[in-house]
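Biologist: I am new to this structure. Please pick one part, look at it closely, and tell me what surrounds it.

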Amino acid sequence: MGQKQQPTADPISEPKKRRRVGFSNIDAGIEANQCILIYLVSSKEEVGASHSFRISPVDLNSFFDEDGKIYGYNELKITIWVSSVSFHAFADIKFQSTSDGGKGITDLKSSLQRIFADTLVDNKDDFLQTFSTESHFVRSIISDGEILQHKTSNGHVDSNSHLGTAISDVEVVRMVIGNTAAGHLYSRLVPLVLLLIDGSNPIDVDDPGWELYVLIQKKSDEHGDTQHKLLGFTAVYRFYHYPDSTRLRLSQILVLPPYQHKGYGGHLVEVLSNVAILEDVYDLTVEEPLDYFQHVRTSVDIKRLLLFAPIQDAVNSTVSYLKQGKLSKKTHVPCFNPPVSAVEDVRKTLKINRKQFLQCWEVLIYLGLDPVDKYMEDFVAIISSRVKADVLGKDSGSSGKQVVEVPSDYNPEMSFVMFRSQDSEAARVWMDENQTNQEEQLQQLVDERVKEIKLIAQKVHHV
(Lines give C-alpha, C1' and ligand atoms only; values in the text may rest on other atoms or scores of the structure.)
Protein backbone atom coordinates (compact mmCIF):
# COMPACT_ATOMS: atom_id res chain seq x y z
CA MET A 1 0.00 0.00 0.00
CA GLY A 2 1.44 3.29 -0.98
CA GLN A 3 1.69 6.40 1.30
CA LYS A 4 0.43 9.75 0.06
CA GLN A 5 3.17 12.41 -0.09
CA GLN A 6 2.59 15.75 1.61
CA PRO A 7 3.51 18.81 -0.48
CA THR A 8 6.73 20.45 0.73
CA ALA A 9 6.76 24.18 1.31
CA ASP A 10 9.13 26.27 -0.80
CA PRO A 11 11.26 28.32 1.65
CA ILE A 12 11.89 30.90 -1.03
CA SER A 13 8.36 31.40 -2.23
CA GLU A 14 6.90 31.41 1.29
CA PRO A 15 9.25 33.32 3.68
CA LYS A 16 8.89 32.79 7.40
CA LYS A 17 7.04 35.62 9.09
CA ARG A 18 8.87 37.51 11.91
CA ARG A 19 7.43 39.75 14.58
CA ARG A 20 8.64 43.32 14.36
CA VAL A 21 9.59 45.03 17.65
CA GLY A 22 9.51 48.85 17.84
CA PHE A 23 11.66 50.95 20.17
CA SER A 24 10.59 54.40 21.35
CA ASN A 25 13.14 57.21 21.09
CA ILE A 26 15.25 57.55 24.21
CA ASP A 27 15.36 61.13 25.50
CA ALA A 28 18.95 62.39 25.32
CA GLY A 29 18.00 65.58 27.14
CA ILE A 30 19.33 69.07 26.54
CA GLU A 31 22.00 70.88 28.53
CA ALA A 32 20.77 73.84 30.56
CA ASN A 33 23.54 75.99 29.07
CA GLN A 34 22.05 75.41 25.61
CA CYS A 35 18.45 76.37 26.25
CA ILE A 36 18.59 79.12 28.92
CA LEU A 37 19.31 82.79 28.29
CA ILE A 38 19.58 85.27 31.16
CA TYR A 39 19.29 89.06 30.90
CA LEU A 40 19.93 91.81 33.45
CA VAL A 41 17.39 94.60 33.01
CA SER A 42 16.94 97.97 34.71
CA SER A 43 13.42 98.87 33.49
CA LYS A 44 10.29 97.11 32.31
CA GLU A 45 10.91 98.46 28.82
CA GLU A 46 14.09 96.38 28.60
CA VAL A 47 12.20 93.12 29.25
CA GLY A 48 12.07 91.40 25.88
CA ALA A 49 13.91 94.21 24.10
CA SER A 50 16.68 93.33 21.65
CA HIS A 51 19.16 95.64 23.40
CA SER A 52 18.78 93.98 26.82
CA PHE A 53 22.07 93.07 28.54
CA ARG A 54 22.71 89.34 28.40
CA ILE A 55 24.85 87.84 31.15
CA SER A 56 27.06 84.77 30.83
CA PRO A 57 26.71 82.46 33.85
CA VAL A 58 29.61 80.34 35.06
CA ASP A 59 27.75 77.06 34.52
CA LEU A 60 23.99 76.54 34.49
CA ASN A 61 24.31 72.77 34.08
CA SER A 62 25.38 72.36 37.71
CA PHE A 63 21.89 73.34 38.90
CA PHE A 64 20.13 70.58 36.91
CA ASP A 65 20.53 67.08 38.32
CA GLU A 66 23.80 65.17 38.09
CA ASP A 67 24.41 65.37 34.34
CA GLY A 68 23.31 68.99 33.94
CA LYS A 69 20.53 68.13 31.49
CA ILE A 70 16.82 68.87 31.21
CA TYR A 71 14.55 66.00 30.13
CA GLY A 72 11.06 65.61 28.70
CA TYR A 73 10.73 68.79 26.61
CA ASN A 74 10.63 69.33 22.87
CA GLU A 75 12.01 72.63 21.52
CA LEU A 76 12.56 74.04 25.00
CA LYS A 77 13.59 77.68 25.38
CA ILE A 78 13.88 79.48 28.72
CA THR A 79 14.43 83.23 28.92
CA ILE A 80 15.10 84.72 32.34
CA TRP A 81 15.08 88.41 33.21
CA VAL A 82 16.71 89.63 36.40
CA SER A 83 15.89 93.12 37.65
CA SER A 84 18.87 95.26 38.64
CA VAL A 85 16.41 97.43 40.59
CA SER A 86 14.85 94.93 43.00
CA PHE A 87 16.80 91.78 41.96
CA HIS A 88 13.62 89.82 41.38
CA ALA A 89 13.58 87.41 38.44
CA PHE A 90 11.03 86.06 35.97
CA ALA A 91 11.42 82.99 33.75
CA ASP A 92 9.57 82.75 30.43
CA ILE A 93 9.42 79.02 29.61
CA LYS A 94 8.39 77.92 26.12
CA PHE A 95 8.26 74.44 24.53
CA GLN A 96 6.25 72.57 21.88
CA SER A 97 5.41 69.46 23.90
CA THR A 98 6.41 67.20 26.77
CA SER A 99 6.91 63.46 26.89
CA ASP A 100 8.64 60.97 29.14
CA GLY A 101 11.44 59.46 27.08
CA GLY A 102 12.73 57.26 29.86
CA LYS A 103 14.31 59.94 32.01
CA GLY A 104 11.14 61.55 33.32
CA ILE A 105 10.15 65.20 32.89
CA THR A 106 12.32 67.74 34.67
CA ASP A 107 10.53 69.95 37.17
CA LEU A 108 11.72 73.30 35.79
CA LYS A 109 10.27 75.43 38.56
CA SER A 110 12.04 73.59 41.38
CA SER A 111 15.28 73.53 39.36
CA LEU A 112 15.16 77.29 38.77
CA GLN A 113 14.36 77.88 42.42
CA ARG A 114 17.69 76.26 43.30
CA ILE A 115 19.20 79.37 41.77
CA PHE A 116 16.65 82.12 42.32
CA ALA A 117 14.77 80.92 45.41
CA ASP A 118 12.22 83.49 46.59
CA THR A 119 13.33 86.11 44.06
CA LEU A 120 11.63 84.14 41.27
CA VAL A 121 8.26 85.72 40.42
CA ASP A 122 5.62 83.44 38.86
CA ASN A 123 3.64 86.05 36.94
CA LYS A 124 5.20 88.35 34.34
CA ASP A 125 2.87 91.25 35.12
CA ASP A 126 3.82 91.04 38.79
CA PHE A 127 7.50 91.07 37.79
CA LEU A 128 7.04 94.16 35.63
CA GLN A 129 5.23 95.85 38.48
CA THR A 130 8.32 95.53 40.74
CA PHE A 131 10.14 98.17 38.68
CA SER A 132 7.77 100.76 40.12
CA THR A 133 6.72 99.27 43.47
CA GLU A 134 10.34 98.56 44.48
CA SER A 135 12.11 101.39 42.65
CA HIS A 136 13.62 102.57 45.96
CA PHE A 137 14.56 99.12 47.24
CA VAL A 138 18.32 99.76 47.26
CA ARG A 139 17.98 103.25 48.73
CA SER A 140 15.81 102.05 51.61
CA ILE A 141 18.10 99.11 52.39
CA ILE A 142 21.33 101.14 52.57
CA SER A 143 19.81 104.09 54.45
CA ASP A 144 21.18 102.84 57.77
CA GLY A 145 24.59 101.92 56.37
CA GLU A 146 27.88 103.77 56.84
CA ILE A 147 29.10 105.80 53.85
CA LEU A 148 32.85 105.36 53.46
CA GLN A 149 34.99 108.14 52.03
CA HIS A 150 37.53 107.10 49.45
CA LYS A 151 41.19 107.87 49.92
CA THR A 152 43.77 107.71 47.16
CA SER A 153 47.23 106.17 47.51
CA ASN A 154 48.66 109.41 48.88
CA GLY A 155 46.12 109.42 51.73
CA HIS A 156 43.95 112.29 50.47
CA VAL A 157 40.19 112.03 50.41
CA ASP A 158 39.15 112.24 46.77
CA SER A 159 36.07 111.06 44.95
CA ASN A 160 38.01 111.01 41.65
CA SER A 161 40.20 107.94 42.13
CA HIS A 162 43.18 107.36 39.89
CA LEU A 163 41.32 104.25 38.75
CA GLY A 164 39.22 106.46 36.48
CA THR A 165 36.78 109.34 36.42
CA ALA A 166 33.91 106.87 35.99
CA ILE A 167 33.79 106.34 39.74
CA SER A 168 33.45 110.03 40.62
CA ASP A 169 29.70 109.68 41.19
CA VAL A 170 29.76 106.53 43.30
CA GLU A 171 30.01 105.79 47.00
CA VAL A 172 30.65 102.69 49.08
CA VAL A 173 28.27 101.86 51.92
CA ARG A 174 29.24 99.42 54.68
CA MET A 175 26.60 97.25 56.34
CA VAL A 176 26.84 94.50 58.95
CA ILE A 177 25.25 91.32 57.58
CA GLY A 178 23.70 90.46 60.95
CA ASN A 179 21.51 93.51 60.39
CA THR A 180 18.11 92.48 58.99
CA ALA A 181 18.25 94.94 56.09
CA ALA A 182 21.75 93.90 55.01
CA GLY A 183 20.82 90.23 55.18
CA HIS A 184 17.73 90.91 53.07
CA LEU A 185 19.78 92.70 50.42
CA TYR A 186 22.38 89.93 50.26
CA SER A 187 19.63 87.29 49.95
CA ARG A 188 18.39 89.10 46.85
CA LEU A 189 21.95 89.09 45.44
CA VAL A 190 22.58 85.37 46.04
CA PRO A 191 21.34 84.27 42.55
CA LEU A 192 23.89 86.56 40.90
CA VAL A 193 26.57 85.25 43.24
CA LEU A 194 25.77 81.67 42.23
CA LEU A 195 25.58 82.51 38.53
CA LEU A 196 28.61 84.78 38.20
CA ILE A 197 31.20 83.81 40.85
CA ASP A 198 32.87 80.50 40.11
CA GLY A 199 32.69 78.00 42.98
CA SER A 200 30.78 80.36 45.27
CA ASN A 201 28.45 79.52 48.14
CA PRO A 202 26.10 81.92 49.95
CA ILE A 203 27.40 83.37 53.19
CA ASP A 204 25.59 83.00 56.51
CA VAL A 205 23.33 86.06 56.78
CA ASP A 206 22.87 85.42 60.52
CA ASP A 207 26.59 85.70 61.31
CA PRO A 208 27.45 89.25 62.48
CA GLY A 209 31.08 88.66 61.53
CA TRP A 210 30.16 89.31 57.91
CA GLU A 211 30.24 92.83 56.47
CA LEU A 212 28.79 93.94 53.14
CA TYR A 213 30.44 96.77 51.21
CA VAL A 214 28.01 97.99 48.55
CA LEU A 215 29.04 100.16 45.59
CA ILE A 216 26.26 102.64 44.82
CA GLN A 217 25.79 105.13 41.99
CA LYS A 218 23.35 107.98 42.60
CA LYS A 219 21.66 109.69 39.67
CA SER A 220 18.63 111.92 39.23
CA ASP A 221 15.83 110.71 36.97
CA GLU A 222 13.64 112.82 34.68
CA HIS A 223 11.40 113.69 37.63
CA GLY A 224 14.30 114.98 39.73
CA ASP A 225 14.14 111.98 42.04
CA THR A 226 17.47 110.45 43.11
CA GLN A 227 17.88 106.84 42.09
CA HIS A 228 20.36 104.51 43.77
CA LYS A 229 21.87 101.97 41.42
CA LEU A 230 23.81 99.01 42.85
CA LEU A 231 26.94 98.48 40.74
CA GLY A 232 28.64 95.81 42.82
CA PHE A 233 29.54 94.60 46.28
CA THR A 234 32.06 92.68 48.33
CA ALA A 235 31.43 90.42 51.32
CA VAL A 236 34.14 90.54 54.00
CA TYR A 237 34.56 88.49 57.17
CA ARG A 238 36.11 89.97 60.31
CA PHE A 239 38.19 87.41 62.24
CA TYR A 240 39.62 87.68 65.72
CA HIS A 241 43.42 87.79 65.77
CA TYR A 242 45.24 87.04 69.02
CA PRO A 243 45.70 88.87 71.28
CA ASP A 244 43.76 92.07 70.61
CA SER A 245 43.31 92.57 66.87
CA THR A 246 41.18 91.48 63.92
CA ARG A 247 41.82 90.35 60.38
CA LEU A 248 39.70 91.11 57.32
CA ARG A 249 39.15 88.41 54.72
CA LEU A 250 37.54 89.30 51.41
CA SER A 251 35.38 86.30 50.54
CA GLN A 252 33.24 87.45 47.60
CA ILE A 253 33.44 90.39 45.23
CA LEU A 254 31.17 91.05 42.29
CA VAL A 255 30.75 93.97 39.94
CA LEU A 256 27.56 93.52 37.92
CA PRO A 257 28.40 92.63 34.29
CA PRO A 258 27.22 95.93 32.68
CA TYR A 259 29.69 97.87 34.86
CA GLN A 260 32.74 95.62 34.65
CA HIS A 261 36.13 96.77 33.26
CA LYS A 262 35.48 100.36 34.34
CA GLY A 263 37.57 100.51 37.51
CA TYR A 264 34.78 99.74 39.99
CA GLY A 265 36.35 96.52 41.26
CA GLY A 266 39.64 98.30 41.92
CA HIS A 267 37.74 101.07 43.67
CA LEU A 268 36.17 98.56 46.05
CA VAL A 269 39.60 97.09 46.80
CA GLU A 270 41.03 100.56 47.50
CA VAL A 271 38.20 101.44 49.87
CA LEU A 272 38.56 98.14 51.70
CA SER A 273 42.32 98.67 52.00
CA ASN A 274 41.67 102.10 53.52
CA VAL A 275 39.29 100.52 56.06
CA ALA A 276 41.97 98.00 57.04
CA ILE A 277 44.49 100.83 57.59
CA LEU A 278 42.17 103.24 59.41
CA GLU A 279 40.89 100.53 61.75
CA ASP A 280 44.40 99.13 62.24
CA VAL A 281 43.48 95.50 61.61
CA TYR A 282 46.26 92.92 61.51
CA ASP A 283 46.04 92.43 57.73
CA LEU A 284 43.71 92.03 54.76
CA THR A 285 43.52 88.67 52.98
CA VAL A 286 41.52 87.25 50.08
CA GLU A 287 39.86 83.85 50.02
CA GLU A 288 40.96 81.88 46.92
CA PRO A 289 41.19 84.83 44.50
CA LEU A 290 40.44 84.16 40.84
CA ASP A 291 43.13 85.15 38.36
CA TYR A 292 41.44 88.30 37.08
CA PHE A 293 40.69 89.61 40.56
CA GLN A 294 44.25 88.83 41.66
CA HIS A 295 45.42 90.99 38.75
CA VAL A 296 43.23 93.90 39.90
CA ARG A 297 44.25 93.47 43.52
CA THR A 298 47.97 93.41 42.75
CA SER A 299 47.65 96.48 40.50
CA VAL A 300 46.06 98.42 43.36
CA ASP A 301 48.68 97.26 45.87
CA ILE A 302 51.59 98.10 43.55
CA LYS A 303 50.47 101.74 43.35
CA ARG A 304 50.46 101.93 47.13
CA LEU A 305 53.82 100.19 47.47
CA LEU A 306 55.49 102.53 44.97
CA LEU A 307 54.72 105.38 47.37
CA PHE A 308 55.77 103.48 50.49
CA ALA A 309 59.22 104.86 51.41
CA PRO A 310 60.32 102.22 54.00
CA ILE A 311 60.75 99.54 51.31
CA GLN A 312 62.40 101.61 48.58
CA ASP A 313 65.95 100.94 49.77
CA ALA A 314 65.30 97.19 49.76
CA VAL A 315 63.84 97.36 46.25
CA ASN A 316 66.73 99.48 44.95
CA SER A 317 69.30 97.19 46.54
CA THR A 318 67.78 94.12 44.88
CA VAL A 319 67.53 95.87 41.51
CA SER A 320 71.16 97.04 41.71
CA TYR A 321 72.38 93.53 42.50
CA LEU A 322 70.37 92.07 39.66
CA LYS A 323 71.79 94.66 37.23
CA GLN A 324 75.31 93.44 37.98
CA GLY A 325 74.38 90.62 35.81
CA LYS A 326 74.56 87.21 34.27
CA LEU A 327 72.61 85.47 37.01
CA SER A 328 71.10 83.24 34.34
CA LYS A 329 74.56 81.74 33.75
CA LYS A 330 75.00 80.71 37.36
CA THR A 331 74.30 77.19 38.62
CA HIS A 332 72.26 78.42 41.57
CA VAL A 333 70.13 81.55 41.25
CA PRO A 334 68.79 83.11 44.48
CA CYS A 335 65.09 83.95 44.78
CA PHE A 336 65.67 87.57 45.91
CA ASN A 337 62.89 87.59 48.50
CA PRO A 338 62.36 90.87 50.40
CA PRO A 339 63.95 91.28 53.84
CA VAL A 340 61.81 90.26 56.81
CA SER A 341 61.73 93.86 58.06
CA ALA A 342 60.20 95.04 54.77
CA VAL A 343 57.55 92.32 54.91
CA GLU A 344 56.60 93.36 58.44
CA ASP A 345 56.60 97.10 57.64
CA VAL A 346 54.22 96.50 54.73
CA ARG A 347 51.90 94.39 56.85
CA LYS A 348 51.82 96.84 59.75
CA THR A 349 51.34 99.97 57.66
CA LEU A 350 49.55 98.94 54.46
CA LYS A 351 47.93 95.75 55.83
CA ILE A 352 49.20 93.73 52.87
CA ASN A 353 49.83 90.17 54.02
CA ARG A 354 53.12 88.37 53.36
CA LYS A 355 51.87 86.12 50.56
CA GLN A 356 50.45 89.06 48.61
CA PHE A 357 53.55 91.20 49.19
CA LEU A 358 55.74 88.46 47.71
CA GLN A 359 53.56 88.62 44.58
CA CYS A 360 53.99 92.39 44.45
CA TRP A 361 57.74 92.22 45.16
CA GLU A 362 58.52 90.65 41.79
CA VAL A 363 56.53 93.38 40.03
CA LEU A 364 58.43 96.08 41.94
CA ILE A 365 61.75 94.56 40.85
CA TYR A 366 60.56 94.42 37.24
CA LEU A 367 59.52 98.09 37.37
CA GLY A 368 62.97 99.02 38.71
CA LEU A 369 64.83 97.39 35.81
CA ASP A 370 65.20 100.20 33.30
CA PRO A 371 65.69 99.44 30.47
CA VAL A 372 64.01 96.17 31.32
CA ASP A 373 64.91 94.39 28.06
CA LYS A 374 68.60 94.56 28.95
CA TYR A 375 68.06 92.60 32.18
CA MET A 376 65.14 90.40 31.14
CA GLU A 377 67.14 87.18 30.97
CA ASP A 378 68.33 87.55 34.55
CA PHE A 379 64.86 88.60 35.73
CA VAL A 380 63.33 85.46 34.21
CA ALA A 381 66.06 83.45 35.95
CA ILE A 382 65.04 84.65 39.41
CA ILE A 383 61.36 84.03 38.62
CA SER A 384 62.28 80.52 37.49
CA SER A 385 64.27 79.95 40.70
CA ARG A 386 61.35 81.06 42.85
CA VAL A 387 58.80 78.96 40.92
CA LYS A 388 61.01 75.88 41.23
CA ALA A 389 61.39 76.45 44.97
CA ASP A 390 57.62 76.84 45.36
CA VAL A 391 56.76 73.76 43.34
CA LEU A 392 59.58 71.35 44.13
CA GLY A 393 60.82 72.80 47.41
CA LYS A 394 64.17 74.37 48.09
CA ASP A 395 66.87 72.25 46.45
CA SER A 396 64.02 69.96 45.39
CA GLY A 397 63.68 69.20 49.10
CA SER A 398 61.05 69.79 51.72
CA SER A 399 59.77 73.34 51.19
CA GLY A 400 56.08 73.95 50.61
CA LYS A 401 53.30 71.45 51.25
CA GLN A 402 54.46 67.90 51.87
CA VAL A 403 52.50 64.65 51.57
CA VAL A 404 53.92 61.76 53.59
CA GLU A 405 52.55 58.21 53.50
CA VAL A 406 51.92 56.58 56.87
CA PRO A 407 51.00 52.95 57.67
CA SER A 408 47.33 52.22 58.31
CA ASP A 409 45.10 49.17 58.63
CA TYR A 410 42.05 51.17 57.58
CA ASN A 411 42.60 52.16 53.96
CA PRO A 412 46.08 52.21 52.37
CA GLU A 413 44.94 54.65 49.67
CA MET A 414 43.91 57.19 52.30
CA SER A 415 46.95 56.80 54.56
CA PHE A 416 48.88 60.04 54.40
CA VAL A 417 49.62 63.19 56.34
CA MET A 418 49.88 66.66 54.77
CA PHE A 419 51.80 69.49 56.44
CA ARG A 420 53.41 72.78 55.47
CA SER A 421 57.06 73.66 56.04
CA GLN A 422 57.80 76.79 58.02
CA ASP A 423 59.83 78.46 55.27
CA SER A 424 57.25 78.55 52.50
CA GLU A 425 53.65 79.61 51.97
CA ALA A 426 53.46 78.29 48.45
CA ALA A 427 51.34 75.25 47.73
CA ARG A 428 52.89 72.21 46.14
CA VAL A 429 51.85 71.60 42.53
CA TRP A 430 51.69 67.98 41.45
CA MET A 431 54.26 67.48 38.72
CA ASP A 432 54.82 64.75 36.15
CA GLU A 433 57.53 62.33 37.31
CA ASN A 434 59.06 62.36 33.83
CA GLN A 435 61.98 64.80 33.93
CA THR A 436 61.33 66.25 30.47
CA ASN A 437 57.62 66.80 31.12
CA GLN A 438 58.42 68.27 34.53
CA GLU A 439 60.76 70.84 33.00
CA GLU A 440 58.14 71.77 30.42
CA GLN A 441 55.52 72.27 33.12
CA LEU A 442 57.88 74.41 35.17
CA GLN A 443 58.72 76.53 32.15
CA GLN A 444 55.02 77.02 31.44
CA LEU A 445 54.48 78.26 35.01
CA VAL A 446 57.42 80.66 34.63
CA ASP A 447 56.13 82.00 31.30
CA GLU A 448 52.66 82.57 32.74
CA ARG A 449 54.08 84.40 35.76
CA VAL A 450 56.33 86.65 33.64
CA LYS A 451 53.39 87.48 31.38
CA GLU A 452 51.27 88.39 34.41
CA ILE A 453 54.02 90.65 35.79
CA LYS A 454 54.33 92.45 32.46
CA LEU A 455 50.57 93.06 32.26
CA ILE A 456 50.44 94.51 35.79
CA ALA A 457 53.46 96.73 35.11
CA GLN A 458 51.86 97.97 31.90
CA LYS A 459 48.62 98.77 33.72
CA VAL A 460 50.46 100.70 36.45
CA HIS A 461 52.44 102.70 33.87
CA HIS A 462 49.28 103.73 32.04
CA VAL A 463 47.64 105.26 35.12
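**Strand β14 and its surroundings**

Modeller: Start with one pair of residues: T234 stands opposite I253, which belongs to β14. Keep in mind that this is a predicted model.

T234 sits in strand β13, residues 226–241. This strand runs antiparallel to β14, and ten bridges join the two. Together β13 and β14 make a hairpin, with three residues between them. β14 also pairs with β15. Here the sense is parallel, and the pairing covers three bridges. One example is L250, whose bridge partner in β15 is V286. In general, strands of a sheet pair through backbone hydrogen bonds, in either the parallel or the antiparallel sense.

Now follow β14 to the space beside it. Where does I253 appear again? It is among the residues closest to the centre of the second largest pocket. That pocket has a volume of about 1,100 Å³. It is lined by 39 residues. Closest to the centre, along with I253, are L254, L290, Y292 and F293. I253 and L254 fall within β14, residues 245–255. Y292 and F293 fall within α7, residues 291–305. At least two lining residues come from each of β14, α7 and α6, the last spanning 264–278. What is the chemistry of the lining? It holds 20 nonpolar, 13 polar and six charged residues.

The helices α6 and α7 lead on to a second space, an enclosed one. The structure holds one cavity of 30 Å³ or more. About 120 Å³ of space lies in the largest cavity. Its lining has 16 residues. V269, S273, L284, R297 and D301 lie nearest its centre. Which elements contribute to this lining? α6, α7 and β15, residues 284–286, each give at least two residues. α7 has the largest share, with four residues. By type, the lining divides into eight nonpolar, four polar and four charged residues. So α6 and α7 each supply at least two residues to the lining of the pocket and at least two to that of the cavity.

D301 deserves a stop. It lies in helix α7. Is D301 buried or exposed? Its relative accessible area is 4%, so it counts as buried. Which residues does it touch farther along the chain? Leaving out residues up to four places away in sequence, D301 touches I352, Q356 and C360. C360 is buried too, because its relative accessible area is 0%. Another cysteine, C35, counts as buried because its relative accessibility is 4%. How many disulfides are there? The structure holds zero. A disulfide is a covalent bond between the sulfur atoms of two cysteines.

For contrast, look at another hairpin, made of β6 and β7. Strand β6 covers residues 77–83, and β7 covers residues 89–94. They run antiparallel and are joined by six bridges. T79 has D92 of β7 as its bridge partner. I80 stands opposite A91 of β7. Five residues lie between these strands, and in this hairpin F87 takes a positive phi near 65°.

β7 has a second partner. It pairs in the parallel sense with β9, residues 120–121, over two bridges. A89 is matched there with L120 in β9. Zoom out, and these strands belong to an open sheet of five. The order is β3-β2-β6-β7-β9, and the pairing is mixed. What sits at the edges? β3, residues 53–55, and β9 do, since each pairs on one side only. In a regular strand, side chains alternate between the two faces of the sheet.

End on A91, a residue of strand β7. Its relative accessibility is 14%, under the 20% cut-off, so it counts as buried. What does A91 touch? Setting aside residues up to four places away in sequence, its contacts are I78, T79, I80, L112 and L120. Three of these names are familiar: T79 is bridged to D92, I80 stands opposite A91, and L120 is the bridge partner of A89. A91 and I38 are 53 residues apart along the chain, and their C-alpha atoms are separated by 8.9 Å.

Note on methods:
Residues are numbered from 1 along each chain as its sequence is written. This is a predicted model: local features need pLDDT of at least 70, side-chain atom pairs count only at pLDDT 80 or more; totals for chains, interfaces and linings use all residues. Side-chain values use heavy atoms; hydrogens and water are left out. On a 1 Å grid over the protein atoms alone, a cavity is a set of points where a 1.4 Å probe fits but cannot get out, and a pocket is an open set with protein on both sides within 12 Å along at least five of seven lines; lining residues have an atom within 4 Å of a point. Grid points are joined across faces, edges and corners, and a volume is the space filled by probe spheres set on the points. Ala, Val, Leu, Ile, Met, Phe, Trp, Tyr, Cys and Pro count as nonpolar, Asp, Glu, Lys and Arg as charged, and the others, Gly among them, as polar. Buried means under 20% relative accessible area, exposed over 50%, partly exposed in between (1.4 Å probe, protein chains only). Contact means heavy atoms within 4.5 Å. A disulfide is a pair of cysteine sulfur atoms within 2.5 Å.
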